[in-house]
Amino acid sequence: MGNVYVFDHPLIQHKTAMLRMAETSVKDFRELVKEIAMLMGYEATRKLPLEEVKITTPICDTSVNMLKGEDIAIVPILRAGLGMVDGMLALVPNAKVGHVGLYRDPDTHEPVEYYCKLPNDIEKREIFVVDPMLATGGSASAAIDFIKARGGKRIIFMCLIAAPEGIEVLQKDHPDVDIFIAAKDEKLNENAYIVPGLGDAGDRLYGTK
Ligand code: URA
């Protein structure tokens with residue numbers, strides 16, 4: 001079973017509280033999503049592989065550990081996941097960015113892929129799938145299915161707010177995937193919104209309604 005990490009860091013709790021407030025502006029919401037993704041990313045990248053590199057300091061030659069920067073992919077689930085990309089790229093600027101877009105079929109309620117573009121060497125990469133809200137878990141699970149079908153192997157899922165229902169689905173469907181969450185909420189309501197949540201993350205990021 002994958003590990004579930006819920007952050008207790010005061011900065012993450014404070015910024016997530018601001019994100020929830022109905023009066024937070026689009027500009028502030030966008031900045032907060034980026035900042036929280038960056039703070040979470042610091043911990044979520046803890047197990048990234050390093051490689052030994054020979055360098056020369058002003059004093060002598062030496063060997064140091066450096067990130068294998070070219071071995072990382074960030075994959076936002078469209079469209080709200082886009083808000084978390086810049087925060088992650090601030091930490092790992094050499095990462096490649098893939099995109100997965102899904103919609104829910106109105107008849108079957110199954111997630112259908114409408115867009116998927118990943119780095120062509122995705123099978124070699126540590127993959128960070130990002131989406132601010134883990135609600136039913138349907139989209140996250142389907143997105144990870146699509147990434148695995150294209151060869152993705154080492155996958156971490158990062159979200160800002162998760163419902164217990166979504167965590168359960170993701171853990172059941174993808175027991176190999178670790179999940180990083182800024183805040184775990186109470187439940188889903190009858191419209192599959194997270195309670196207390198923050199509303200529709202995509203609308204709040206882009207000022208749509
Ligand atoms: N997606 C959102 O943007 N918000 C929710 O509460 C649930 C899914």
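This text walks through a predicted model, from its nonpolar core to the ligand shell, the annotated sites and some backbone features.

The largest nonpolar core has 55 residues. Phe128, Val129, Phe157 and Met158 are the residues with the most contacts inside this core. The strand that gives the most to the core is β10, residues 154-162, with eight residues. Phenylalanine 157 can serve as an entry point. Leaving aside residues up to four places away in sequence, Phe157 touches Val129, Ala140, Leu170, Val177 and Ile179. Val129 is itself among the residues with the most contacts in the core.

Helix α2 spans residues 26-44 and has 19 residues. From its first C-alpha to its last it reaches 26 Å, close to the 27 Å expected at 1.5 Å a residue. The buried positions in α2 are Phe29, Leu32, Val33, Ile36, Ala37, Met40, Gly41 and Ala44. These buried residues pack against several elements: the helices α1 (10-20), α3 (85-91) and α6, and the strands β8 (126-130), β10 and β11 (178-184). Strand β10 thus appears twice, as the strand that gives the most to the core and as one of the packing partners of α2.

The ligand comes next. The residues around the ligand are Ala80, Met133, Ala135, Tyr193, Ile194, Gly197, Asp200, Ala201 and Gly202. By class, this shell has six nonpolar residues, two polar residues and one charged residue.

Two neighbouring members of the shell, Asp200 and Ala201, can be compared. Aspartate 200 lies in the loop between β13 (194-195) and α6 (201-206), whereas alanine 201 is in helix α6. Are the two buried or partly exposed? Asp200 has 15 other C-beta atoms within 10 Å and is therefore partly exposed. Ala201 has 25 other C-beta atoms within 10 Å, so it is buried. Apart from residues up to four places away in sequence, Ala201 touches Ala80, Pro132 and Met133. Ala80 and Met133 are also among the residues around the ligand.

The UniProt record, an unreviewed entry, carries "binding site" annotations for this chain. One covers Ile194, Gly199, Asp200 and Ala201. UniProt also lists, under "binding site" in an unreviewed entry, Arg79, Arg104, Asp131, Pro132, Met133, Leu134, Ala135, Thr136, Gly137, Gly138, Ser139 and Asp200. Asp200 is thus named in the one list and in the other, and in the model it is one of the residues around the ligand.

Two further annotated positions lie in loops. Aspartate 131 is in the loop between β8 and β9 (133-134). It counts as buried because it has 29 C-beta neighbours inside 10 Å. Its contacts, not counting residues up to four places away in sequence, are Pro76, Ile77, Ala80, Gly81, Ser139, Ala140 and Cys159. Of these, Ala80 belongs to the ligand shell, and Ala140 is also touched by Phe157. Glycine 137 lies in the loop between β9 and α4 (138-149). With 24 C-beta neighbours inside 10 Å, Gly137 also reaches the cut-off of 20 or more and therefore counts as buried. Gly137 touches Glu165, Gly166, Val169 and Leu170, again without residues up to four places away in sequence. Leu170 is another residue that Phe157 touches.

The backbone has some points to note. A cis peptide bond, with omega of about 0°, joins leucine 78 and arginine 79. Arg79 is in the loop between β4 (72-78) and α3, and it is among the positions in the UniProt "binding site" list. Another cis peptide bond runs from valine 195 to proline 196, with omega near 0°. Pro196 is in the loop between β13 and α6, where Asp200 also lies. Alanine 192 has a positive phi of about 65° although it is not a glycine. This residue lies in the loop between β12 (187-188) and β13, and its 14 other C-beta atoms within 10 Å are why it is partly exposed.

Two residues from the start of the chain close the tour. Histidine 9 is in the loop between β1 (4-6) and α1, and with 14 C-beta neighbours inside 10 Å it counts as partly exposed. Its C-alpha atom is separated by 26 Å from that of histidine 174, 165 residues apart along the chain. Glutamine 13 lies in helix α1 and counts as partly exposed, with 13 C-beta neighbours inside 10 Å. The C-alpha atoms of Gln13 and arginine 150, 137 residues apart along the chain, are separated by 35 Å.

Technical notes
Residues numbered from 1 in each chain as written. Predicted model: local features only at pLDDT ≥ 70, side-chain atom pairs only at ≥ 80, totals over all residues. Near = placed C-beta within 6 Å. Nonpolar A, V, L, I, M, F, W, Y, C, P; charged D, E, K, R; others polar. Core = buried A, V, L, I, M, F, W, Y, C linked by C-beta atoms within 7 Å. Buried ≥ 20, exposed ≤ 12 C-beta atoms within 10 Å, placed from the backbone. Helix = DSSP H or I, 4+ residues; strand = E, 2+ residues; numbered from the N terminus. Contact = placed C-beta atoms within 7 Å. UniProt positions renumbered as here; feature names shortened; annotations may be inferred. Expected span 1.5 Å × (residues − 1).
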